[in-house]
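Let's take a walk through this fold, starting with how its parts are laid out and ending at the places where the chain stretches out. Keep the structure open while you read.

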Amino acid sequence: MATHITTIISALAAMPVQAYGATVTVRQGTGLHNTLEAADVPCRIISPLNATSQRTKRVTPGAGRVMTTEWTIEDICYLRFVGEGLGLSDIAAVYVEYMNSYIECSRQLGNQIYAIDLLQQRTQVVQYPASSERTYHAVISTCTFTDIVQ
């Protein structure tokens with residue numbers, strides 16, 4: 001009996017989410033950069049450091065026992081530097097394209113060992129790295145999964 005968190009994160013990373021008409025690159029683990037340059041965006045960052053376990057519960061259906069763990073994972077997409085383009089009217093269409101693509105891709109997530117329970121998305125201006133004064137237009141997708149540990 002073990003958690004399937006690595007499988008869940010791998011499934012998230014494998015989603016072919018689109019922005020600007022192309023699949024967005026995913027960075028995680030050793031592929032993370034200390035900073036993002038113009039050639040690096042758009043990109044998604046999925047870090048296990050953002051994964052939190054909300055609760056674990058034990059269920060006894062019939063003769064067997066099943067434990068479930070609820071995981072919350074943040075998937076942050078940095079779309080472009082703030083200050084590029086024509087402002088909100090220019091980036092709004094990209095926000096909508098990315099968010100719609102993410103929703104469509106997330107519909108394929110889930111199998112007998114995990115299920116997606118909740119997907120929340122928000123647009124935000126984010127600094128990367130933190131306190132660097134390098135700000136990006138971003139979409140933060142927060143996914144809550146039920147991990148079925150038998």
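Before we start, one bit of vocabulary: a contact here means heavy atoms within 4.5 Å, and packing is meant in that sense. Also keep in mind that what you're looking at is a predicted model.

First, the overall plan. The chain has two helices and eight strands, and reading from the N terminus they come in the order α-β-β-β-β-β-β-α-β-β. The C-alpha atoms fill a box of roughly 60 × 30 × 20 Å along the principal axes. Of the 150 residues, 40% are buried. Among contacts with a separation of 6 or more, 66% link residues 24 or more positions apart. The accessible surface comes to about 8100 Å², and carbon and sulfur atoms own 53% of that. As for charge, the chain carries 10 positive and 12 negative ones, and the mean positions of the two sets sit 11 Å apart.

Now go to helix α1, which covers residues 5-14. Its buried residues are Ile5, Ile8, Ile9, Ala11, Leu12 and Ala13. What do they pack against? The buried residues of α1 pack against β3 (25-27), β4 (43-46), β6, α2, β7 and β8. That list is a handy itinerary, and the strands on it are worth visiting in turn.

Begin with β3 and β4, which pair in the parallel sense over three bridges. Thr25 stands opposite Cys43 of β4 in this pairing. On its other partner, β4 runs antiparallel to β6, with four bridges joining the two. Here Cys43 stands opposite Tyr78 of β6, while Arg44 has Cys77 as its bridge partner in β6. In a regular strand the side chains alternate between the two faces of the sheet. You can see that in β4: Cys43 and Ile45 point one way, Arg44 and Ile46 point the other way, and all of them are buried.

Next comes β6, residues 66-81. This strand is mostly covered, with 14 of its 16 residues buried. Besides β4, β6 pairs with β8: the two run antiparallel and are joined by 14 bridges. Two of the places to look are Ile73, which stands opposite Cys143 in β8, and Glu70, whose bridge partner in β8 is Thr146.

So where does β8 stand with respect to β7? Strand β7 (residues 114-127) is joined to β8 by 13 bridges, again in the antiparallel sense. Leu119 stands opposite Cys143 in β8, and Ile73 of β6 does too. Is β8 itself enclosed or open? Of its 15 residues, 12 are buried, so β8 is largely enclosed by the rest of the structure.

With the strands in place, turn to what fills the interior. Nonpolar side chains in soluble globular proteins tend to be buried together. In this model, the largest nonpolar core has 28 residues, and Leu12, Ile73, Leu79, Tyr98 and Phe145 touch the most other members. The elements that give two or more residues to this core are α1, β6, α2 (88-106) and β8 (135-149), with α2 giving the most, at seven residues. Apart from this core lies another one, of 12 residues, including Leu36, Tyr128, Tyr136 and Ile140.

Phe145 is a good residue to click on. Leaving out residues up to four places away in sequence, Phe145 touches Ile8, Leu12, Thr69, Glu70, Trp71, Ile73, Leu109, Tyr114, Ala115, Ile116 and Asp117.

Finally, look at two exposed spots. Leu88 lies in helix α2. Is Leu88 buried or exposed? Exposed is the call, because its relative accessibility is 62% and the cut-off for that label is over 50%. Leu88 and Val66 are 22 residues apart in sequence, and their C-alpha atoms are 48 Å apart in space. The other spot is Glu133, in the loop between β7 and β8. Glu133 is exposed as well, with a relative accessible area of 70%. The C-alpha atoms of Glu133 and Gln150 are separated by 46 Å, with their positions 17 residues apart along the chain.

Notes: Residues are numbered from 1 along each chain as its sequence is written. This is a predicted model: local features need pLDDT of at least 70, side-chain atom pairs count only at pLDDT 80 or more; totals for chains, interfaces and linings use all residues. Side-chain values use heavy atoms; hydrogens and water are left out. Buried means under 20% relative accessible area, exposed over 50%, partly exposed in between (1.4 Å probe, protein chains only). Accessible areas come from the Shrake-Rupley method with a 1.4 Å probe; for residues, only the protein chains shown count as cover. Lys and Arg count as positive and Asp and Glu as negative; His and the chain ends are not counted. The place of a charge is taken as NZ of Lys, CZ of Arg, CG of Asp or CD of Glu. A nonpolar core is a set of buried Ala, Val, Leu, Ile, Met, Phe, Trp, Tyr and Cys residues joined through side-chain atoms within 4.5 Å. Two strands pair if DSSP finds at least two bridges between them.
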